[in-house]
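Let's take a walk through a protein model together, one stop at a time. Keep the picture open beside you and look for each place as we come to it.

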Amino acid sequence: MNRVDTKDIELIEAAKQMIRARYKEGKHHVGAAVRTKSGKVYAAVNLEAYIGRVAVCAEAIALGKAISEGEDGFETIVAVLADEEGDARIVSPCGICRELISDYGQEIHVLLPQGQEEYSKTGILELLPAKYKRE
Ligand code: THU
């Protein structure tokens, strides 16, 4: 059972805090936070771009930030989207992020929105059935 625990609530809070602090219209409206196996949390924002496909997701930057600091194992990741009230709500990661997350750990859990105030926790491969394989 993938139970959402206190550490997961703290992870959501870290992602929310990041986007609250760094929100910029047309530039940063998604926050993400990843918790490493070593227990550390790394948070980041997305990079919006004038040419849409150039944009970089917050999850990718959170993973990159952690890896750049020497981390190499991840437990759980979450993304949040800023809303009009100056707060943020959990969002489901896009397909590209699902690919990326699964490449950095097939056991990584993702926190997902479930209804208004609820969250659920799912293994990344459940979000990416029949993942592409070269072999
Ligand atoms: N975005 C993320 O940061 N994470 C996702 O999982 C989905 C999309 C960003 C990328 C781009 O800057 C913008 O949101 C597209 O709406």
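Our starting point is Leu127, which is buried, with a relative accessible area of 14%. Anything under 20% counts as buried, so Leu127 falls on that side of the cut-off with its 14%. Please keep in mind as you look around that this is a predicted model. You will find Leu127 in the segment after strand S6, and strand S6 itself spans residues 118–123. What does Leu127 touch, once residues up to four places away in sequence are set aside? Its partners are Pro93, Arg98, Val110, Leu112 and Thr122. Take Val110 from that list: 17 residues separate it from Leu127 along the chain, and their C-alpha atoms are 8.8 Å apart.

Stay in the segment after S6 for a moment, because Ala130 sits there too and is exposed, at 82% relative accessibility. The backbone of Ala130 also deserves a look. Most residues other than glycine have a negative phi. Ala130 is not a glycine, yet its phi is positive, near 55°.

Arg98, one of the residues that Leu127 touches, takes us to helix H3. This helix runs through residues 95–103, and Cys97, Arg98, Ile101 and Ser102 are buried in it. Where do these buried residues sit when you look down the axis of H3? They fall within an arc of 130°, so they line one face of the helix. Turn to the face that points away from this buried side and you meet the exposed residues Ile96 and Asp103. The buried residues of H3 have cover from other parts of the chain, including helix H2 (58–68) and strand S3 (74–82). After H3 comes Gly105, with a positive phi near 160°.

Now move over to helix H2. Here Ala58, Glu59, Ala62, Leu63 and Ala66 are buried. These residues cover an arc of only 135° around the axis, which puts them on the same side of H2. Among the elements that cover them are strand S1 (30–36), S2, S3 and H3. H3 is thus on this list, just as H2 is on the list of what covers the buried residues of H3. H2 is followed by Gly70, whose phi is positive, near 100°.

Not every residue of H2 is hidden. Lys65 belongs to this helix and is partly exposed, with a relative accessible area of 38%. Leaving out residues up to four places away in sequence, Lys65 touches Met18, Tyr42 and Ala43. Tyr42 is 23 residues from Lys65 in sequence, and 6.8 Å from it in space, C-alpha to C-alpha.

Next, follow the chain back into the loop between strand S2 (41–45) and H2, where you will find Val56. Asn46 lies in the loop between S2 and H2 as well. Which of these words fits Asn46, buried or exposed? Asn46 is buried, with a relative accessible area of 5%, while Val56 is partly exposed at 33%. Setting aside neighbours within four places in sequence, Val56 is in contact with Asn46, Leu47 and Ile61. Val110, which we met beside Leu127, is 19 Å from Val56, C-alpha to C-alpha, and 54 residues from it in sequence.

Asn46 has company of its own: beyond its neighbours within four places in sequence, its contacts include Lys27, His28, His29 and Val30. The side chain of Asn46 also reaches the backbone nitrogen of Val30, at 3.0 Å.

That brings us to the last stop, the ligand. Around it are His29, Val30, Asn46, Leu47, Glu48, Ala55, Cys57, Ala58, Glu59, Pro93, Cys94 and Cys97. Sorted by class, this shell has 8 nonpolar, 2 polar and 2 charged residues. Several names should be familiar by now: Ala58 and Glu59 are among the buried residues of H2, and Cys97 is among those of H3. How far is a ligand oxygen atom from an N or O atom in the side chain of Asn46? The distance is 2.8 Å. For the side chain of Glu48, an oxygen atom of the ligand is 3.0 Å from an N or O atom, and for the side chain of Glu59 the corresponding distance is 2.7 Å. On its own the ligand has 380 Å² of accessible area, and the protein covers 73% of it.

How values were computed: Residues numbered from 1 in each chain as written. Predicted model: local features only at pLDDT ≥ 70, side-chain atom pairs only at ≥ 80, totals over all residues. Heavy atoms only, no water. Buried < 20%, exposed > 50% of the residue type's maximum accessible area, 1.4 Å probe, protein only. Helix = DSSP H or I, 4+ residues; strand = E, 2+ residues; numbered from the N terminus. Arc of directions from axis to C-beta. Contact = heavy atoms within 4.5 Å. Near = heavy atom within 4 Å. Polar contact = N/O pair within 3.5 Å; in protein donor to acceptor, adjacent residues only side chain to side chain. Areas by Shrake-Rupley, 256 points an atom, 1.4 Å probe, with all protein chains shown as cover. Nonpolar A, V, L, I, M, F, W, Y, C, P; charged D, E, K, R; others polar.
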